[in-house]
Amino acid sequence: MKQIKKSLLIFLALLFPLFAHAVGEPFTRQKLDALNKAGSPVLVAVHANWCSVCRAQDYVLKSLLQQPKFQGIKTLRVDFDQQKSEVNALDAEYQSTLIVFKGGKEVDRISFERDSDRIAALLKKAL
């Protein structure tokens with residue numbers, strides 16, 4: 001019985017990321033334009049629910065965006081599968097693409113990155 005409980009807990013822990021909420025507000029062009037016009041630092045995360053790298057990025061971003069130095073970054077989430085016109089307008093070829101804006105301009109982007117230090121370095125460029 002003890003082994004069954006342990007196995008069930010492991011199974012649920014592995015399953016949980018599939019239901020975790022992705023980082024950021026849903027993307028609209030109007031939101032991005034308003035944030036850029038206001039000069040806010042912005043992160044746009046191109047996300048797909050089925051993407052394991054996207055889930056790993058969410059985990060890293062949730063941790064980083066809670067740090068005081070990154071709390072001012074506004075985050076918008078683009079659904080890679082449901083928002084194809086927005087994905088194309090952002091020239092994002094891949095899910096798991098992170099794009100940062102500073103002063104209303106795109107300053108950098110990365111794709112397929114899971115490393116916390118590299119994602120933190122990207123976020124710093126928005127500040």
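Select His47 in this predicted model; His47 sits in strand E2. Is His47 buried or exposed? Its relative accessible area is 6%, and the cut-off for buried is under 20%, so His47 is buried. Now show its surroundings. Not counting residues up to four places away in sequence, His47 touches Ala22, Cys54, Asp58, Arg77, Val78, Asp79 and Phe80. Keep Cys54 and Asp58 in mind, since both are among the buried residues of helix H3.

Next, add Gln95 to the selection. From C-alpha to C-alpha, His47 and Gln95 are 5.4 Å apart in space, while 48 residues separate them in sequence. Gln95 belongs to the loop between helix H4 (84–89) and strand E4. With a relative accessible area of 14%, Gln95 is buried. Which residues does Gln95 contact, leaving aside its neighbours within four places in sequence? They are Val46, Ala48, Trp50, Cys51, Cys54, Phe80 and Phe112. Cys54 and Phe80 also appear in the list of residues that His47 touches.

Stay in the loop between H4 and E4 and select Asp91, which is placed there. The phi angle of Asp91 is near 55°, a positive value in a residue other than glycine. Asp91 has a relative accessible area of 58% and is exposed.

Now go to Phe112, one of the contacts of Gln95. Phe112 is in the loop between strand E5 (105–111) and helix H5. Here too phi is positive in a residue other than glycine, with a value near 65°. Phe112 counts as partly exposed, at 45% relative accessibility.

Move on to helix H3 and select residues 52–64. How far does H3 reach from its first C-alpha to its last? The helix has 13 residues and spans 19 Å, close to the 18 Å expected at 1.5 Å a residue. Colour its buried residues: Val53, Cys54, Gln57, Asp58, Val60, Leu61 and Leu64. What do these buried residues pack against? Their partners are strand E2 (42–47), strand E4 (97–102) and helix H5. E2 is the strand where the tour began, with His47.

Add helix H5, residues 116–124, to the view. The axes of H3 and H5 are 10 Å apart, and the two helices pack at an angle of about 60°. H3 and H5 are therefore oblique to each other. Their crossing is right-handed. To see where the helices meet, show Gln57, Val60, Leu61 and Leu64 in H3 together with Ser116, Ile119, Ala120 and Leu123 in H5. Sorted by class, this contact has 6 nonpolar, 2 polar and no charged residues. The four residues on the H3 side, Gln57, Val60, Leu61 and Leu64, are also listed among the buried residues of that helix.

Then pick out Ser116 in helix H5. Ser116 counts as partly exposed, at 34% relative accessibility. Which residues does Ser116 touch, not counting residues up to four places away in sequence? The answer is Val60 and Leu64. Draw a distance from Ser116 to Leu61 as well: from C-alpha to C-alpha they are 8.1 Å apart in space, and they are 55 residues apart in sequence.

Finally, zoom out and show the whole protein chain. It contains 5 helices and 5 strands. In what pattern do they follow one another along the sequence? The pattern reads α-β-α-β-α-β-α-β-β-α. Of the 127 residues in the chain, 38% are buried; His47 and Gln95 are among the buried residues. Contacts can also be viewed for the chain as a whole. Among contacts with a separation of 6 or more, 68% are between residues 24 or more positions apart.

Methods. Residues are numbered from 1 along each chain as its sequence is written. This is a predicted model: local features need pLDDT of at least 70, side-chain atom pairs count only at pLDDT 80 or more; totals for chains, interfaces and linings use all residues. Side-chain values use heavy atoms; hydrogens and water are left out. Axes are lines fitted to C-alpha atoms, for helices over the stretch in contact, and angles run from 0 to 180 degrees between N-to-C directions. Angles under 35 degrees count as roughly parallel, over 145 as roughly antiparallel, 65 to 115 as roughly perpendicular and the rest as oblique. A crossing is left-handed if the near helix is turned anticlockwise from the far one by less than a right angle, and right-handed if clockwise. Contact means heavy atoms within 4.5 Å. Ala, Val, Leu, Ile, Met, Phe, Trp, Tyr, Cys and Pro count as nonpolar, Asp, Glu, Lys and Arg as charged, and the others, Gly among them, as polar. The expected span of a helix is 1.5 Å times one less than its number of residues. Buried means under 20% relative accessible area, exposed over 50%, partly exposed in between (1.4 Å probe, protein chains only).
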